[in-house]
Amino acid sequence: YENLLMETAQTLDETTAEDPLGEADSSLASFSRYKGVQFVVAVEGDDKTQYEHWAAENPDQMAAWIHQTTRALRALSDKLEAGQLEDVEALGPQRHVAILSSDEQDLGVGFTRSASLPHIRETMKQIEAKWVS
């Protein structure tokens, strides 16, 4: 009986994590299964008003911030001849944000503030592998 309860609870957790808002199978929502992920915003590289999101409270503002941040850091990288911008990690008092950047799209992922930097980096490696595929 106890094993059945544990399996049922685990199945419910996995189902909720895969599709917490009851949305269609969205690739962004699938990132919610990673521990500590609070939201995901994908912004088109050419237009900050073109974005998709999962669970972001103010997705338009987050999309604009992601776009502005990546563009500013790319300009700085070009000026310093430091190479191509690939990712950004920002740690804050309320939450942490990591960004994967490409020419076509930027992907911002919000994490709980309790997530450690090594955990964020490892999770973003896993998300990047799924995002680019």
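**View 1. Helix α3 lies across the sheet.** In this predicted model, α3 lies across five strands: β1, β2, β3, β4 and β5. It runs at about 65° to β1. Helix α4 also packs on the sheet. It touches β1, β3, β4 and β5. The direction of α4 makes about 140° with that of β5.

**View 2. Five strands form an open sheet.** The strand order is β2-β1-β5-β4-β3. The pairing is antiparallel. Which strands sit at the edges? They are β2 (51-54) and β3, and each pairs on one side only. Neighbouring strands are turned by 10° against each other on average, direction ignored. Strands of a sheet pair through backbone hydrogen bonds, either parallel or antiparallel.

**View 3. Strands β1 and β2 run antiparallel.** Here the view closes in on one strand pair. 4 bridges join β1 to β2. Val43 stands opposite Tyr51, a residue of β2.

**View 4. The largest nonpolar core has 17 residues.** Which residues have the most contacts inside this core? They are Val37, Val40, Leu107, Val109, Phe111, Met124 and Ile127. Several elements give two or more residues to the core: α2 (27-30), β1 (37-44), β4 (95-101), β5 (105-112) and α4 (117-132). In soluble globular proteins, nonpolar side chains tend to be buried together. A second, separate core has 11 residues. Phe39, Met62, Ile66 and Val97 are among them.

**View 5. Val37 and the residues it touches.** Residues up to four places away in sequence are not counted here. Val37 touches Phe31, Ser32 and Trp54. It also touches Val109, Gly110 and Phe111. Thr123 and Ile127 complete the list. Val37, Val109, Phe111 and Ile127 are also among the residues with the most contacts inside the largest core.

**View 6. Asp106 forms salt bridges with Arg71 and Arg74.** Between Arg71 and Asp106, the closest N and O atoms are 3.1 Å apart. This pair links distant parts of the chain. Arg71 is in helix α3 (residues 59-80) and Asp106 is in strand β5, 35 residues apart. The side chains of Asp106 and Arg74 also meet in a salt bridge, at 3.9 Å from N to O. Arg74 lies in helix α3 and Asp106 in strand β5, so this pair ties together parts that are 32 residues apart in sequence. Are these three side chains buried or exposed? Asp106 is buried, with a relative accessible area of 0%. Arg74 is buried too, at 18%. Arg71 counts as partly exposed, because its relative accessibility is 23% and buried means under 20%.

**View 7. Arg121 forms a salt bridge with Glu89.** The closest N and O atoms are 3.1 Å apart. Arg121 is in helix α4 and Glu89 is in strand β3 (residues 87-91). The two residues are 32 residues apart, and the pair links distant parts of the chain. How exposed are the partners? Arg121 counts as partly exposed, at 41% relative accessibility. Glu89 also counts as partly exposed, at 32%.

**View 8. A salt-bridge network joins Arg71, Arg74, Asp103 and Asp106.** Salt bridges that share partners make this one network. Asp106 is one shared partner: it bridges to Arg71 and to Arg74. How many salt bridges does the model hold? The count comes to 4.

Technical notes
Residues numbered from 1 in each chain as written. Predicted model: local features only at pLDDT ≥ 70, side-chain atom pairs only at ≥ 80, totals over all residues. Heavy atoms only, no water. Core = buried A, V, L, I, M, F, W, Y, C linked by side-chain atoms within 4.5 Å. Buried < 20%, exposed > 50% of the residue type's maximum accessible area, 1.4 Å probe, protein only. Contact = heavy atoms within 4.5 Å. Pairing = 2+ DSSP bridges. Axes fitted to C-alpha atoms, helices over the stretch in contact; angles between N-to-C directions.
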